[in-house]
Amino acid sequence: MFVYLDNSSTTRQHDCVTDLMVKMMREDFGNPSSLHRMGVTAEKALKSARKQTALSLGVGENEIYFTSGGTEGDNTAVFGAWEAGKRAGKKILTSAVEHPAVLEACRRLERLGAQVVYLGVDREGRIDLQQLKDELTEDVILITVMHVNNELGTVQPLEEIGKLKREAEKRWGTRILFHTDAVQSYGKGPVETDRWGVDMLSVSGHKIHGPKGIGALYIRSGVHMPSLVWGGGQEKGFRSGTENMPAIAGLGLAAEITAEGREERIARLRELKARLLSGIEDSLPDVRVNSPLGEDCSPSILNVSFSGCRGEVLLHMLEQKDIYVSTGSACSSHKKGSHVLSAVRLPDEAIEGAVRFSLSEYNTEEQIDFAVKELAAAVESQRKLRSAFGKKKR
Amino acid sequence: MTEERNTYIVRCGEVALKGQNKPYFERMLVERIKKVLKKFEGIEVKRVEGLIFVKTPADLSKDLVLKNVGRVFGVDSISPAVEIDISEGDAEAILDRIGRAAVEYMQKLIEEKGVKTFKIDAKRANKQFPVESPQIGRIIGAKVLIGCKVLSVDVHHPDCVLFVSVRRGLAYVYEQKVAGFGGLPLGTNGKGLVLLSGGIDSPVAAFMMAKRGMWIDAVHFHSYPYTSDRAWEKVQDLAKIVSQYCGRIRIHSINLLPIQEEIVRNCPEEETTILVRRFMMKIAERVAKETDCLMLITGENLGQVASQTAEALVVTDAAVQMPVMRPLIAMDKVDIMKIAREIDTYETSILPYEDCCTVFLPKHPATKPKLQRILESESRLDCETLIGAALENRETVTIYPED
């Protein structure tokens with residue numbers, strides 16, 4: 001049985017999205033900037049995709065800018081906020097558990113003279129609001145905190161962050177931009193830009209069964225962001241370059257689907273996740289759930305450590321059964337260890353034994369049960385071998 | 001000069017030192033050169049009095065020819081040269097002709113590289129030619145000075161040494177000598193089986209043996225799912241690079257996990273590594289016999305890790321009857337790394353995927369194992385069955401050099 005439980009890395013593209021993209025490539029391949037009919041058709045598709053994406057985020061069409069994905073959205077927000085605000089102040093607040101697309105951008109800015117504070121997190125990965133409050137000094141120009149953590153599923157208190165931000169703005173009479181990376185929560189949680197008070201929000205297509213290489217950056221209307229890409233003036237001059245129309249249309253459709261069934265999807269994912277969790281806990285001793293157990297966790301992400309095991313070995317053992325999971329996030333598994341699991345002060349053994357399961361609407365109860373069964377067998381065989389190792393003496 | 005052809009002089013290294021077998025080695029070398037140039041049209045490779053001459057169409061890039069021929073083992077050096085027909089005319093006329101070619105050649109060098117000083121190194125291979133080498137040098141030098149007014153002679157530190165070679169019927173002028181790897185032509189020394197791990201050492205060991213004329217096959221051990229499929233991809237990438245020099249390589253990939261599990265269950269922890277090494281050697285020997293490999297090749301290096309101490313090597317070596325070649329045994333790591341960089345395997349070798357040796361790494365491996373005790377531990381295992389099963393489940397792929 002094919003069981004894909006790595007949906008936080010990427011998802012299976014909806015077939016209707018694929019079909020639409022193929023049609024765009026074969027037939028409606030015009031350039032939206034062309035004056036002829038082909039161009040008009042493409043422009044219409046562009047408009048409609050923008051509308052679908054805006055609706056899915058509950059924002060205005062004029063506030064959507066298409067990007068190449070989450071990384072570009074995050075980079076654009078961080079570097080743009082720096083360019084726009086560096087004369088007013090040089091301090092940036094972010095968290096220790098951000099995606100590398102934000103962390104590495106911040107590190108780059110540190111070399112350019114920014115003062116970056118990486119806010120600490122509690123044992124479940126939630127940022128320290130008191131520290132945030134203390135660090136909100138006069139010279140802060142940007143807060144960038146992700147909505148849902150990609151490795152643990154932890155939901156950050158964006159609304160509280162927004163409140164503290166507004167208080168600080170009032171107190172100092174300054175302007176602080178607030179960006180959130182919502183790549184992991186898109187389609188699996190509410191998007192409330194106004195209640196949170198975010199000025200920028202980045203999402204990605206391939207996490208919602210859309211195409212790879214496409215994403216969107218929401219920029220609140222009235223917020224001025226300098227452009228990082230110059231050329232033919234597409235995307236209102238904000239991001240030049242001929243639009244990636246098949247991907248944009250694919251993103252639009254995926255966004256529409258993700259918005260339509262969101263509540264049912266969240267309920268469904270919660271059910272599947274609960275089944276997975278109880279299945280694991282019922283069949284195996286010595287497991288440690290690293291994801292928060294309450295409501296403030298993504299319904300699709302479950303991170304668990306199996307003592308006496310190596311996550312990567314479990315991954316390969318499950319892959320032999322056609323079950324696909326992840327250790328750390330796909331983007332950081334090139335590097336040693338996980339900065340997120342280190343930040344929540346997980347002991348080394350638990351970091352080594354951590355596995356991330358991430359669900360999608362394509363998963364079924366049967367798949368979950370099958371995965372639990374195979375997982376239990378893999379964990380047991382590994383534990384048995386590990387305990388035999390070193391016992392034998394002369 | 002007669003038609004649009006480029007000429008390259010290829011010097012054989014050690015092949016030239018061979019006695020009665022010299023024609024055989026030279027023939028093999030010509031075959032190898034033909035083989036690496038097969039992908040191009042209109043190539044001619046000829047052996048004349050101890051040298052090999054390669055002729056190519058004039059529009060074939062020089063760099064491409066030098067790169068390809070430079071990788072052929074047995075080639076000492078290569079020089080792109082200008083060929084001059086000297087089959088007719090008296091000595092004076094011939095030297096005139098060579099002089100004109102030399103002037104033309106130098107003019108190009110002045111233009112391209114801004115050469116200001118030069119010296120002539122002339123050699124009369126054809127002793128029937130009435131003018132002796134030093135005299136040829138002086139005459140051609142004078143002609144170049146007259147023909148290229150910007151040049152002056154500097155016999156100690158010239159920008160360019162212009163070689164003039166007078167042979168029977170033909171003369172050559174050239175400047176560059178591009179070094180090859182030396183060694184002996186592939187196929188002159190049978191076939192060996194290298195234990196290819198994916199680390200820095202084993203590809204270098206394979207390269208060094210191939211350089212002595214040995215065809216290479218490989219056996220790779222992994223512990224999937226305790227190791228990643230990426231490690232296997234990496235080994236194939238390494239083999240691809242090595243195959244640029246060694247030609248086609250067959251890799252037998254063998255899963256050691258069942259054997260490692262048995263060892264863990266039945267034998268002392270500190271002996272795990274050495275026992276696994278012995279199994280690797282035994283399995284390799286079986287593969288080698290099946291595939292007509294005459295010997296095993298490892299990247300072992302004295303003292304590098306616990307399994308490569310003198311005592312450990314004695315125990316490992318005793319696992320097989322077949323000779324085991326360890327070309328890196330006395331080299332320092334930095335020198336091995338230098339070769340790895342030279343042959344372009346280094347960057348791939350250091351990619352951080354777990355190889356099978358780091359799984360089940362004992363806390364304190366036995367560094368001075370005694371053969372008797374190891375044999376005793378081994379006797380608790382059903383070696384024959386384990387080895388048979390490992391061989392049965394192997395995966396074999398053939399890696400071809402890229403064009």
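Me: How many residues of chain A are in contact with chain B in this model?

Reply: In this predicted model, 12 residues of chain A are in contact with 12 residues of chain B. A pair counts as a contact if the two C-beta atoms lie within 7 Å.

Me: Which helices of chain A supply at least two residues of the side that touches chain B?

Reply: They are α10 (311-319) and α13 (365-388) of chain A. Of the elements on this side, α10(A) gives the most, with four residues. By character, the side of chain A that touches chain B divides into five nonpolar, three polar and four charged residues.

Me: Let's move to the sheet in chain A. What makes β9 and β12 of chain A edge strands?

Reply: The open sheet has three strands in the order β9-β10-β12 (chain A), with antiparallel pairing. Both β9 (287-289) and β12 (354-358) of chain A have a single partner strand, so one side of each has no neighbour in the sheet. On average, neighbouring strands here are turned by 25 degrees against each other, direction ignored.

Me: How do you know that β10 and β12 of chain A pair?

Reply: Pairing needs at least two bridges, and five bridges join β10 (residues 301-306) of chain A to β12(A), so the two are paired, running antiparallel. One example to look up is A:V304, whose bridge partner in β12(A) is A:V355.

Me: What packs on this sheet?

Reply: Helix α9 (residues 262-283) of chain A does, touching β9, β10 and β12 of chain A. The direction of α9(A) makes about 10 degrees with that of β10(A).

Me: Over to chain B. Why is B:E175 called buried?

Reply: The label asks for 20 or more other C-beta atoms within 10 Å. B:E175 has 21, so B:E175 is buried.

Me: Where is B:E175, and which residues is B:E175 in contact with?

Reply: Look in the loop between β8 (170-174) and β9 (178-182) of chain B. Leaving aside neighbours within four places in sequence, B:E175 is in contact with B:L109, B:C160, B:V161, B:L162 and B:F163. As for B:D344, 169 residues apart from B:E175 along the chain, the two C-alpha atoms are separated by 27 Å.

Me: Why is helix α5 of chain B described as largely enclosed by the rest of the structure?

Reply: Each residue is judged by the cut-off of 20 or more other C-beta atoms. In α5 (residues 201-211) of chain B, 11 of the 11 residues are buried, so the helix is largely enclosed. Among them are B:D201, B:F207 and B:K211. Just after α5(B), B:G213 takes a positive phi of about 95 degrees.

Technical notes:
Residues numbered from 1 in each chain as written. Chains lettered and ligands numbered in written order. Predicted model: local features only at pLDDT ≥ 70, side-chain atom pairs only at ≥ 80, totals over all residues. Buried ≥ 20, exposed ≤ 12 C-beta atoms within 10 Å, placed from the backbone. Nonpolar A, V, L, I, M, F, W, Y, C, P; charged D, E, K, R; others polar. Axes fitted to C-alpha atoms, helices over the stretch in contact; angles between N-to-C directions.
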